[in-house]
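Reader: I would like a close look at one part of this model, the ligand site. Please keep it brisk.

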Amino acid sequence: MEIPKTYRALVVRENDDGTFVKSTEEVGFEFLPDNDVVIKVHYAALNYKDALSASGHRGITKKYPHTPGVDASGVVVRSRDDRYAPGDAVIVTSYDLGMNTKGGFAEYISVPGDWVIALPAGLSLREAMVIGTGGFTAALALHKMEAGGQHPDMGEIVVTGAGGGVGSMAVAVFKAAGYKVIASSGKTEHYPWLKKIGAKHCVNREEVRDESEKPLLRPRWAGAVDTVGGKTLTTLLKACGRNGNVAACGLVASPKFDTTVYPFILNGVNLLGIESAETPRKVRQEIWKRLAGDLKPPLIEEMQHITTLEKIPDYMDDILEGETSGRVVAHIADA
Ligand SMILES: NC(=O)c1ccc[n+]([C@@H]2O[C@H](COP(=O)([O-])OP(=O)(O)OC[C@H]3O[C@@H](n4cnc5c(N)ncnc54)[C@H](OP(=O)(O)O)[C@@H]3O)[C@@H](O)[C@H]2O)c1
């Protein structure tokens, strides 16, 4: 397949005064690293991590100019890896994409073959990005919670930050797996939509934020998926039922939390770390297969906002302020 000499990309540049600017530019192919698989990007998804990278967060991206975008789907245009050939439809999520490797907010990416997953049957390139890292993280939480003994018969699962990308996908994925889901959100206007995509009922995020010093609370859920951190995570542990699993996925409120050992030694609660970026390839393939099958959100069309490459910067501040809902997907190019 023919590869052009230049391509369009969202480029984040650092000014002399330490501020950052982002705009769509025509860049030469040498802007990309020389990796084994070059992919023409059809869709990319917007994540919290992208908003951090686009705002100059050195914990995510060390060197600028840079193109963020941890999620991309598209078609292979050049491959030095025997597993992939031009024309293959593929997904790349996480690893280092969009962090210190030029990411999916561009017409092309160049990545190591190990980062590439063949698009599973049952998903379109667009649907794969509606799911993206958010859906993959939610399904990884389910995978680890079930390995920790979680079962729908134990009772309801609470999902915090339910209006966000990981949260809304967790609502849909756990519902698809047979669980009754409590969606915790800061925005009452999200409730009808959260119920539509799978929540049994919704609670205000303040109800999942206990300010008392009590080491344990009356059990209110059988397990939890947390994207918030801080006092919310402390509360999830205190009020989790016996032998339940609490999956720590995110930190939108705080990376710090306090706990006593009581939830663990008196109630047998498991605190699980969810790290999607470096999930081993075999597990990754299994999870994507399930996301294209039994875990595919039936109302996936209701979980997306579609935008364009040029409009991606408009969403970045909203993501950092927690003002977006569901998954935002950029349509980068047609076949
Ligand atoms: N572990 C992993 O592998 C992994 C993978 C992907 C993402 N993450 C992390 O998961 C978190 C969520 O990512 P995302 O892409 O889903 O982000 P997102 O789409 O921006 O969603 C975050 C949601 O959290 C809620 N929220 C925002 N600020 C809050 C606050 N101060 N207190 C309580 N709730 C707040 C909001 O939901 P409501 O309006 O409904 O309350 C918001 O929509 C981030 O910390 C991200 O870094 C981790």
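Which polar side-chain atom lies 2.7 Å from an oxygen atom of the ligand?

Author: That atom belongs to Ser276. This is a predicted model. In it, a polar side-chain atom of Ser276 sits 2.7 Å from a ligand oxygen. Ile274 makes a polar contact too. Here the backbone supplies the polar atom, and its partner is a nitrogen atom of the ligand, 2.7 Å away. Arg205 adds a further contact through its side chain: a polar atom there lies 2.9 Å from an oxygen atom of the ligand.

Now the cover. On its own, the ligand has 920 Å² of accessible area, and the protein covers 86% of that. Two elements each give two or more residues to the shell around the ligand: α2 (125-147) and α3 (165-176).

Next, the shell itself. There are 27 residues around the ligand. Ser276 and Ile274 are among those that come nearest, together with Ser185, Gly186 and Lys187. By class, the shell holds 14 polar residues, 10 nonpolar ones and 3 charged ones.

One more feature is worth a look, this time on the surface. Val261, Tyr262, Ile265 and Leu266 form a nonpolar patch there. Together they have about 390 Å² of accessible area. Take Ile265 from that group. Ile265 belongs to helix α6, which spans residues 262-265. Its relative accessible area is 59%, so Ile265 counts as exposed, the cut-off being over 50%.

Conventions. Residues are numbered from 1 along each chain as its sequence is written. This is a predicted model: local features need pLDDT of at least 70, side-chain atom pairs count only at pLDDT 80 or more; totals for chains, interfaces and linings use all residues. Side-chain values use heavy atoms; hydrogens and water are left out. Patches are made of residues with over 30% relative accessible area and no salt bridge: like charges are joined within 9 Å, nonpolar side chains (Val, Leu, Ile, Met, Phe, Trp, Tyr) within 5 Å. Accessible areas come from the Shrake-Rupley method with a 1.4 Å probe; for residues, only the protein chains shown count as cover. A salt bridge is a side-chain nitrogen of Lys or Arg within 4 Å of a carboxyl oxygen of Asp or Glu. Helices (H or I, at least four residues) and strands (E, at least two) are DSSP runs, numbered from the N terminus. Buried means under 20% relative accessible area, exposed over 50%, partly exposed in between (1.4 Å probe, protein chains only). A residue is near a molecule or strand if one of its heavy atoms lies within 4 Å of it. A polar contact is a pair of N or O atoms within 3.5 Å; within protein, one must be able to donate a hydrogen and the other to accept it, and residues adjacent in sequence count only if both atoms are side-chain atoms. Ala, Val, Leu, Ile, Met, Phe, Trp, Tyr, Cys and Pro count as nonpolar, Asp, Glu, Lys and Arg as charged, and the others, Gly among them, as polar.
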